[in-house]
Amino acid sequence: MIEELRNETTATCDGENCERRLAEEPTLTFRTEGGERRAYECRCGAVTVTVARDSESTR
Ligand SMILES: [Zn+2]
């Protein structure tokens, strides 16, 4: 249902006619119950959001 969420390992820009790979460092990160969301701002101006599940220990 939610097509916006991309697999982190295949994260590319979500903008039209733009397939740049996302930057290594996310522009913004925030946590939700579903995991950590990472927002990447592309040079084209589009913002792509990925979700990383809490499979890794953060402590
Ligand atoms: Zn882009």
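Q: How many bridges join β2 to β3, and in which sense do these strands run?
A: Strands of a sheet pair through backbone hydrogen bonds, in either a parallel or an antiparallel sense. In this predicted model, β2 and β3 run antiparallel and are joined by six bridges. One position to look at is A39, which stands opposite V49 in β3.

Q: How many residues lie between β2 and β3, and what is the phi of G45?
A: The two strands form a hairpin with five residues between them. G45 sits in that turn and has a positive phi of about 105°.

Q: In which sense do β1 and β2 pair?
A: β1 and β2 (residues 35-41) pair in the antiparallel sense, over five bridges. To follow the register by eye, start at F30, which stands opposite R37 in β2. T29 stands opposite R38 in β2. These two strands also form a hairpin, with two residues between them.

Q: What is the order of the strands in the sheet?
A: The sheet is open and has three strands in the order β1-β2-β3, with antiparallel pairing. The edge strands are β1 (28-32) and β3 (47-52), each of which pairs on one side only. Neighbouring strands of this sheet are turned by 20° against each other on average, with direction ignored.

Q: Which elements does the chain contain, from the N terminus on?
A: The elements run β-β-β. There are three strands and zero helices in the chain.

Q: Is β1 largely in the open or buried, and why?
A: Burial is read by counting neighbours: a residue is called buried if 20 or more other C-beta atoms lie within 10 Å of its own. Of the five residues of β1, zero are buried, so the strand lies largely in the open. For the chain as a whole, 8% of the 59 residues count as buried.

Q: What share of the contacts in the chain joins residues 24 or more positions apart?
A: Among contacts with a separation of 6 or more, residues 24 or more positions apart account for 37%.

Q: Where does A23 lie, and how far apart are the C-alpha atoms of A23 and Y40?
A: A23 lies in the segment before β1. Its C-alpha atom is separated by 6.8 Å from that of Y40, and the two residues are 17 residues apart along the chain.

Q: Why is A23 called partly exposed?
A: The partly exposed class falls between the cut-offs of 12 or fewer for exposed and 20 or more for buried. A23 has 13 other C-beta atoms within 10 Å, so it is partly exposed.

Q: What is notable about the phi of N17?
A: Most residues other than glycine have a negative phi. N17 is a residue other than glycine with a positive value, near 55°. N17 is placed in the segment before β1.

Q: Is N17 buried or exposed?
A: N17 counts as exposed, because it has 6 C-beta neighbours inside 10 Å.

Technical notes
Residues are numbered from 1 along each chain as its sequence is written. This is a predicted model: local features need pLDDT of at least 70, side-chain atom pairs count only at pLDDT 80 or more; totals for chains, interfaces and linings use all residues. Helices (H or I, at least four residues) and strands (E, at least two) are DSSP runs, numbered from the N terminus. Two residues are in contact if their C-beta atoms, placed from the backbone, lie within 7 Å. Two strands pair if DSSP finds at least two bridges between them. Axes are lines fitted to C-alpha atoms, for helices over the stretch in contact, and angles run from 0 to 180 degrees between N-to-C directions.
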